[in-house]
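This briefing covers nonpolar cores, a surface patch and aromatic pairs.

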Amino acid sequence: LWLGAMQPTEIDTLLGPINRLHVGKQTTYQHTGAASHSARYADSPWLRLSQEQLAQMNQAKLHCFDQRLLDHLRLHYPECLEGLNADQQQQWTAQCRHNAAKYGYSSAKDVSRWASLCAELGNNFPQAPEHAAYLQLLEQRGQLPEQRLDNLITLLHRQLLSADKESVA
């Protein structure tokens, strides 16, 4: 994703001693000049990524992840995105990912679970007063973040089952 935005001279530098790079079935990057064969014998590595390039790579990965997360939400929780345009949906997922990170969640699995909680409980999760029990579980010491998330989801399921039983009675 990030290679496409690079200038030919940047691609030449990135390729170093490599003449041609195939990415997928459709895309090929090739030296515009001759590959620097001497680079393979240098004491220092020929591939050096700048902070800007690393940031671009990370941004591209986050964008792809946000798209997968949106697809998940559209399938399982379409009501949470109702009335939001494409930009607002992107902001919703980015905010969800950011809030998950505050509590130690960064893996795709955990952020997806966090997004499901946000879809169920609202955008103000877990800071709303009615989420005090959830917040307490999230801030528990002595457990791994994943275990705290498991406990929180278990509590939510119990509450939903309890509410269903009360509405039937």
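The points below deal with the interior, the surface and the aromatic rings.

The model is predicted: local features need pLDDT of at least 70, side-chain atom pairs count only at pLDDT 80 or more, and totals for chains, interfaces and linings use all residues. Residues are numbered from 1 along each chain as its sequence is written, and side-chain values use heavy atoms, without hydrogens and water.

**Nonpolar cores**
- A core is a set of buried Ala, Val, Leu, Ile, Met, Phe, Trp, Tyr and Cys residues joined through side-chain atoms within 4.5 Å, where buried means under 20% relative accessible area, exposed over 50% and partly exposed in between (1.4 Å probe, protein chains only).
- The largest core has 28 residues, of which Leu73, Trp114, Leu117 and Phe125 touch the most other members.
- Helix H4 supplies the largest share of this core, seven residues.
- Another core, of six residues, lies apart from it and includes Met6 and Leu14.

**Surface patch**
- Ile18, Trp46, Leu47, Leu49 and Leu54 make up a nonpolar surface patch with about 370 Å² of accessible area together; patch residues have over 30% relative accessible area and no salt bridge (side-chain nitrogen of Lys or Arg within 4 Å of a carboxyl oxygen of Asp or Glu), and nonpolar side chains are joined within 5 Å.
- Areas come from the Shrake-Rupley method with a 1.4 Å probe.
- Leu54 is partly exposed, at 38% relative accessible area.

**Aromatic rings**
- The whole structure holds four aromatic pairs (ring centres within 6.5 Å; planes under 30 degrees apart are stacked, over 60 edge-to-face, the rest tilted).
- Trp114 and Phe125 are a tilted pair, because their centres are 4.9 Å apart and their planes at 55 degrees.
- Trp114 is buried at 0% relative accessible area, and Phe125 is buried at 2%.

Conventions. Helix = DSSP H or I, 4+ residues; strand = E, 2+ residues; numbered from the N terminus. Patch = residues over 30% accessible without salt bridge, like charges linked within 9 Å, V, L, I, M, F, W, Y side chains within 5 Å. Phe/Tyr/Trp six-rings, centres within 6.5 Å; stacked < 30°, edge-to-face > 60°.
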